[in-house]
Amino acid sequence: MFDPDPAHLRRFAFRHAAEAAALSRPAEAVVWMRLFHSLERSGETIDREARPFRRQDYLRASYLSRIDADVARNKD
């Protein structure tokens, strides 16, 4: 998975924890639940902080968009 969805990973870990608990494998269930809780704590932070581009790229795109709007406005 190149760009995993945090919600999908949490559901995956929880399902495996539940399955391990149902099959009387408590040690495995605990490991999966630890992963689930770790993903639960960090999931929103990762989503909020993950940006595909650097800050400079967003500034450059904003600047170019304004220039494009000015050029389009001056054509009319």
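# A tour of three helices

Start by selecting Glu28: at 30% relative accessibility, this residue counts as partly exposed. The cut-offs explain the label, because buried means under 20% and exposed means over 50%, with partly exposed in between. Note before moving on that this is a predicted model.

**Stop 1: Glu28 and its partner**

Keep Glu28 selected and add Arg25. The two residues form a salt bridge, with 2.8 Å between the closest N and O atoms. Arg25 is partly exposed too, as its relative accessible area is 34%. The structure holds four salt bridges. Two others come up later on this tour.

**Stop 2: the whole chain**

Zoom out and switch to a cartoon view. You should see three helices and zero strands. Read from the N terminus, the order of elements is α-α-α. The protein has 76 residues, and 13% of them count as buried. Now show the surface. About 6,700 Å² is exposed, and carbon and sulfur atoms supply 57% of that area.

Colour by pLDDT next. The mean for the protein is 84, and 82% of its residues reach 70 or more. Which element has the highest mean pLDDT, and which the lowest? H1 has the highest at 91, while helix H2 (residues 26–49) has the lowest at 84.

**Stop 3: helix H1**

Select residues 6–22, which make up helix H1. Check the length. At 1.5 Å a residue, these 17 residues should span 24 Å; the C-alpha atoms at the two ends lie 24 Å apart, so expectation and model agree.

Which residues of H1 are buried? Pick out Pro6, Arg10, Ala13, Ala17 and Ala20. Then turn the view to look down the axis of H1. The buried residues fall within an arc of 100°, so they line one face of the helix.

**Stop 4: Arg10 to Glu40**

Stay on Arg10, one of the buried residues of H1. Show side chains and add Glu40. Arg10 and Glu40 form a salt bridge, with the closest N and O atoms 3.3 Å apart. This pair links distant parts of the chain: Arg10 sits in helix H1, Glu40 sits in helix H2, and 30 residues separate them. Is Glu40 buried or partly exposed? Glu40 is partly exposed, because its relative accessible area of 45% falls between the cut-offs.

**Stop 5: the loop after H1**

Move to Ser24. This residue follows H1 and lies in the loop between H1 and H2. Inspect the backbone here. Ser24 is not a glycine, yet its phi is positive, at about 60°. Is Ser24 buried or exposed? At 63% relative accessibility, Ser24 counts as exposed, since the cut-off for that label is over 50%.

**Stop 6: a salt bridge inside H3**

Select helix H3, residues 55–75. Show the side chains of Asp57 and Arg60, which meet in a salt bridge of 2.9 Å, N to O. Where do these two residues lie? Both are in H3, three residues apart, about one turn of the helix. Asp57 is partly exposed, with a relative accessibility of 21%. Arg60 is partly exposed as well, at 46%.

**Stop 7: the nonpolar patch**

Finish on the surface. Select Tyr63, Leu64, Ile67 and Val71, and show their surface: together they make a nonpolar patch of about 380 Å². Centre the view on Ile67, which is found in helix H3. How exposed is Ile67, and what is its relative accessible area? Ile67 is partly exposed, with a relative accessible area of 34%. That value lets Ile67 join a patch, because patch residues need over 30% relative accessible area and no salt bridge.

Terms used. Residues numbered from 1 in each chain as written. Predicted model: local features only at pLDDT ≥ 70, side-chain atom pairs only at ≥ 80, totals over all residues. Heavy atoms only, no water. Helix = DSSP H or I, 4+ residues; strand = E, 2+ residues; numbered from the N terminus. Expected span 1.5 Å × (residues − 1). Buried < 20%, exposed > 50% of the residue type's maximum accessible area, 1.4 Å probe, protein only. Arc of directions from axis to C-beta. Patch = residues over 30% accessible without salt bridge, like charges linked within 9 Å, V, L, I, M, F, W, Y side chains within 5 Å. Areas by Shrake-Rupley, 256 points an atom, 1.4 Å probe, with all protein chains shown as cover. pLDDT = per-residue confidence, 0-100.
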